[in-house]
Amino acid sequence: MQSTNLTRAVLGTLADAYPKTVHVPRLAAEVNCEPDALYRHLWLLHHVGAIRANARGDVLEAASITDAGLSLIGRQAHTLRRPFKP
């Protein structure tokens, strides 16, 4: 999967779940990506401020989108009212 497509898929999935966090294995299944590649991409998005990563040591466990991430995909936090179905 190309990096830009993965970014859109990750941010879109996290925006759908906003304001909840999504566990990384669930996110990998949603965006059809290998977990190892997804981990590296999530760390990158975390470092640029698009997502908030919840980690134990160096192991990323869950992620949620930030206001900066929402603005990257053109969504506003106050317009997101659709509940996430786990």
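Before I show you the order of elements, one definition: a helix here is a DSSP run of H or I with at least four residues, a strand is a run of E with at least two, and both are numbered from the N terminus. With that in hand, hello everyone, and please keep in mind that what we are looking at is a predicted model.

Reading from the N terminus, the elements go α-β-α-α-β-β-α. That comes to 4 helices and 3 strands. The protein has 86 residues, and 35% of them are buried. Here is one more number for the whole chain: take the contacts with a separation of 6 or more, and 53% of them are between residues 24 or more positions apart.

Let's go to the sheet. In what order do its strands lie? The order is 1-3-2, in an open sheet of 3 strands with antiparallel pairing. Strand 1, residues 22-23, and strand 2, residues 51-56, are the edge strands, and each of them pairs on one side only.

Take the pairing of strand 1 first. Strand 1 and strand 3, which covers residues 59-65, run antiparallel and are joined by 2 bridges. If you want a place to put your finger, find Val-22, which sits opposite Ala-63 of strand 3.

Now the other pairing. Strand 2 and strand 3 are antiparallel partners over 6 bridges. Here Arg-56 faces Val-59 of strand 3 across the pair. The two strands make a hairpin with 2 residues between them, and Gly-57 in that turn has a positive phi of about 70°.

On to the helices. As a general point, a pair of packed helices is described by the angle between their axes and the distance between the axes. So let's do that for two pairs, both involving helix 1.

Helix 1 is residues 3-17 and helix 2 is residues 24-31; they pack at about 120°, and their axes are 10 Å apart. That angle makes helix 1 oblique to helix 2. The crossing of these two helices is right-handed. Who makes the contact? From helix 1 we have Leu-6, Ala-9, Val-10, Thr-13 and Leu-14, and from helix 2 we have Leu-27, Glu-30 and Val-31. Sorted by class, the contact of helix 1 with helix 2 has 6 nonpolar residues, 1 polar and 1 charged.

The second pair is helix 1 with helix 3, where the angle is about 75° and the axes are 11 Å apart. Helix 1 and helix 3 are therefore roughly perpendicular to each other. On the helix 1 side you'll find Ser-3, Leu-6, Thr-7, Val-10 and Leu-11, and these meet Leu-38, His-41, Leu-42 and Leu-45 of helix 3. By class, this contact has 6 nonpolar and 3 polar residues, and no charged ones.

Helix 3, residues 35-47, also meets the sheet: it lies across strand 2 and strand 3, at about 120° to strand 2.

I'd like to finish on a single residue, Leu-45, which has its place in helix 3. Is Leu-45 buried or exposed? Its relative accessible area is 6%, and the cut-off for buried is under 20%, so Leu-45 counts as buried. Setting aside neighbours within four places in sequence, Leu-45 is in contact with Thr-7, Val-10, Leu-11, Ala-50 and Ile-51. And if you look across to Ile-65, that residue is 20 residues from Leu-45 in sequence and 9.5 Å from it in space, C-alpha to C-alpha.

Thanks for listening, and do have a look around the model yourselves.

Terms used:
Residues are numbered from 1 along each chain as its sequence is written. This is a predicted model: local features need pLDDT of at least 70, side-chain atom pairs count only at pLDDT 80 or more; totals for chains, interfaces and linings use all residues. Side-chain values use heavy atoms; hydrogens and water are left out. Two strands pair if DSSP finds at least two bridges between them. Contact means heavy atoms within 4.5 Å. Axes are lines fitted to C-alpha atoms, for helices over the stretch in contact, and angles run from 0 to 180 degrees between N-to-C directions. Angles under 35 degrees count as roughly parallel, over 145 as roughly antiparallel, 65 to 115 as roughly perpendicular and the rest as oblique. A crossing is left-handed if the near helix is turned anticlockwise from the far one by less than a right angle, and right-handed if clockwise. Ala, Val, Leu, Ile, Met, Phe, Trp, Tyr, Cys and Pro count as nonpolar, Asp, Glu, Lys and Arg as charged, and the others, Gly among them, as polar. Buried means under 20% relative accessible area, exposed over 50%, partly exposed in between (1.4 Å probe, protein chains only).
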